[in-house]
Amino acid sequence: LKSYRYTVKRLEPLAGECMCDLSAADVEAAIAAKPTSFEMHRRNARALFLFSAKRGWCEEGVLRGIDPRKGRAKEIQTLTPAQVRKLLKAAEKYYPETVAAFSISLFAGLRSKEVERLTWGDIHDDGIEVAASTSKRDRRRFVSMNPTLAAWLKGRRLGDEFLVIPGSWRERSSAVRRLAGFDVAARILKRHKPEGVQTWPPKLPKNAPAWPQNGMRHTHASASMSFGKGVADLTFEFGHTGDLEMLRNHYVGAYRPRDAVKFWSIGPEGKTIEVIRAA
């Protein structure tokens, strides 16, 4: 939301114009900035114009004439195997109803919005069916089941019509991340103090990390590629529409092979999953 507000601020000089009269050059001049900021504004402006074109306020494809500007690629942020273990342990202990959603985010790599729309009827023994209505790209895809995810989902299934996420998911998710040691606000913790606990929630160390944006999805992708999954397979399962080079640039080398083995070996209740690294 903050990102969109920045872009709207950039577009203010065009406020007196009709959208149907604006050209790509007009918008490009308004959002001109250094490469990294420009790309953010270009994407946001493109979303605005696509939204408007569907409603007949402007022609379709107006901003195709704006070429991307390449800046220095931003490093993705991932969770370490130790952080993943603490996260899932906190979920198991305090909010077990959130375990399925966290495990799907981590071991299937679904987007947060896709997990929020997922029902148990979409989950099968051989994988997860992401319907077009659930997917960000409005494209159906299938994510294969792996032994680690299967172990975490075992015994947690509800009726097919039920969502995977529990009620008050946002608050419970924040609480789990806070209890795992991340600097996250979680008001729900003040309302659910365990019996016999003096200090609640537990105090965070001064160097407590912030929660990385898209951290679980990035962790899954990085650990998958380091574990031997091909870029093409990951592109399909992730629902990406970009080229393969983008995925390589983001995820190759972001996770060490030994950390990938540790990641895929994390099982419920402290158990270790036996995994075989792909060639």
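This briefing walks through some salt bridges, one helix pairing and two covered helices.

The model is predicted, so local features need pLDDT of at least 70 and side-chain atom pairs count only at pLDDT 80 or more, while totals for chains, interfaces and linings use all residues. Residues are numbered from 1 along each chain as its sequence is written, and side-chain values use heavy atoms, with hydrogens and water left out. Helices (H or I, at least four residues) and strands (E, at least two) are DSSP runs numbered from the N terminus.

**Salt bridges**

- Side chains of opposite charge can pair when their charged atoms come close.
- The structure holds twelve salt bridges, each a side-chain nitrogen of Lys or Arg within 4 Å of a carboxyl oxygen of Asp or Glu.
- One of them joins glutamate 129 to arginine 140, with N to O at 3.0 Å. This pair links distant parts of the chain, eleven residues apart: glutamate 129 lies in strand S2 (residues 127-130), and arginine 140 in the loop between S2 and strand S3 (141-144).
- Glutamate 129 is partly exposed at 26% relative accessibility, while arginine 140 is exposed at 54%. Here buried means under 20% relative accessible area, exposed means over 50%, and partly exposed is in between (1.4 Å probe, protein chains only).
- Glutamate 171 and arginine 191 also meet through their side chains, at 2.6 Å from N to O. That salt bridge links distant parts of the chain, running from helix H8 (residues 169-179) to helix H9 (residues 188-191), with the partners 20 residues apart.
- In this second pair, glutamate 171 is partly exposed with a relative accessible area of 33%, and arginine 191 is exposed with 53%.
- Aspartate 259 forms a salt bridge with arginine 256, and their closest N and O atoms are 3.2 Å apart. Aspartate 259 counts as buried at 14% relative accessibility, whereas arginine 256 is partly exposed at 47%.
- Elsewhere, Arg111, Glu114 and Arg141 are joined into one network by salt bridges that share partners.

**How H4 meets H13**

- Two packed helices are described by the angle between their axes and the distance between the axes.
- Helix H4 (residues 81-94) packs with helix H13 (residues 257-264) at an angle of about 15°, their axes being 9 Å apart. The axes are lines fitted to C-alpha atoms, for helices over the stretch in contact, and angles run from 0 to 180 degrees between N-to-C directions.
- H4 and H13 are therefore roughly parallel, a label for angles under 35 degrees.
- Pro81, Val84 and Arg85 of H4 make the contact with Asp259, Lys262 and Phe263 of H13, where contact means heavy atoms within 4.5 Å.
- By class, this contact of H4 with H13 has three nonpolar, no polar and three charged residues. Ala, Val, Leu, Ile, Met, Phe, Trp, Tyr, Cys and Pro count as nonpolar, Asp, Glu, Lys and Arg as charged, and the others, Gly among them, as polar.

**Two covered helices**

- H8 is mostly covered, with eight of its eleven residues buried; among them are Trp169, Val176 and Leu179.
- The cover over the buried residues of H8 includes H4, helix H5 (99-107), helix H6 (112-117) and H9.
- Glycine 181, just after H8, takes a positive phi of about 105°.
- In H5, nine of its nine residues are buried, including Val99, Phe102, Ile104 and Phe107.
- Glycine 109 follows H5 and has a positive phi near 75°.

Key:
Parallel < 35°, antiparallel > 145°, perpendicular 65-115°, else oblique.
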